[in-house]
Amino acid sequence: MKDTNPYPLLLKQLQALLAGESNMVTNLSQFASFVYHHLETLNWAGFYLNHRDQHLQLGPYQGSVACTKIPFGKGVCGTAGSAMRSLVVDDVNQYEGHIACDSRSQSELVCPLIVNQQLVGVFDLDSPITARFSETDKIGIESLVQVLIDNTNWGNLVEQVA
Ligand code: SME
């Protein structure tokens, strides 16, 4: 049923998918593909990673080609990254400073990746449907991101932003 919360099952599937693998690029790639193909009505899902505390740099993703660098404090990603908090935008056309990488995107959910109190990046979801992301999605994506964080060796990335 459409209203059923998909996240408890996704959490188990993700744990199985990432089990025994800790390589960062591998896990980020798997995670982006997993979310993109398991959630409905998305047109983009992927990462922007903290580049030496200077800007967010495009990482592994699924969807159309995207902007490669986002300044901290700019757009939905840079705002969520700087605040180190998840951000749901129901209508990106009403969000001042939204960075339009794909004109199909109408709503957006961005979840920060925080490791040892440091921002290592953000996970960004875009949908062609206005108000696509609910509180359940926000909490669900945060729980999936936590599994990713716990299963991944962030070595160099954590050192370089330290
Ligand atoms: N819309 C984002 C930029 C990234 S793309 O959506 C992939 C933003 O405003 O930060």
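By class, the shell around the ligand in this predicted model is made up of eight nonpolar residues, two polar residues and three charged residues. Of the 13 residues that surround the ligand, those that come nearest are Val76, Cys77, Ile99, Glu108 and Asp126. Asp126 also appears among the side chains whose N or O atoms are paired with a ligand atom in the table below, where its distance to an oxygen atom of the ligand is 2.7 Å.

| Side chain (N or O atom) | Ligand atom | Distance |
|---|---|---|
| His98 | nitrogen | 3.2 Å |
| Asp124 | oxygen | 3.4 Å |
| Asp126 | oxygen | 2.7 Å |

Taken alone, the ligand exposes 310 Å², and 99% of that area is buried by the protein. The space that the ligand takes is the largest cavity, and the elements that contribute two or more residues to the shell around the ligand are strand β1 (44-51), helix α3 (75-83) and strand β6 (118-127). Of these contributions, that of α3 is the greatest, at three residues.

A separate point concerns Gln57, which has its place in strand β2, spanning residues 55-63. Is Gln57 buried, partly exposed or exposed? Its relative accessibility is 24%, and because buried means under 20% and exposed means over 50%, Gln57 counts as partly exposed. Gln57 and Val120 are separated by 63 residues in sequence, while in space the distance between them is 11 Å, taken from C-alpha to C-alpha.

Notes: Residues are numbered from 1 along each chain as its sequence is written. This is a predicted model: local features need pLDDT of at least 70, side-chain atom pairs count only at pLDDT 80 or more; totals for chains, interfaces and linings use all residues. Side-chain values use heavy atoms; hydrogens and water are left out. A residue is near a molecule or strand if one of its heavy atoms lies within 4 Å of it. A polar contact is a pair of N or O atoms within 3.5 Å; within protein, one must be able to donate a hydrogen and the other to accept it, and residues adjacent in sequence count only if both atoms are side-chain atoms. Accessible areas come from the Shrake-Rupley method with a 1.4 Å probe; for residues, only the protein chains shown count as cover. On a 1 Å grid over the protein atoms alone, a cavity is a set of points where a 1.4 Å probe fits but cannot get out, and a pocket is an open set with protein on both sides within 12 Å along at least five of seven lines; lining residues have an atom within 4 Å of a point. A molecule sits in a cavity or pocket if more than half of its atoms lie within 2 Å of its grid points. Helices (H or I, at least four residues) and strands (E, at least two) are DSSP runs, numbered from the N terminus. Ala, Val, Leu, Ile, Met, Phe, Trp, Tyr, Cys and Pro count as nonpolar, Asp, Glu, Lys and Arg as charged, and the others, Gly among them, as polar. Buried means under 20% relative accessible area, exposed over 50%, partly exposed in between (1.4 Å probe, protein chains only).
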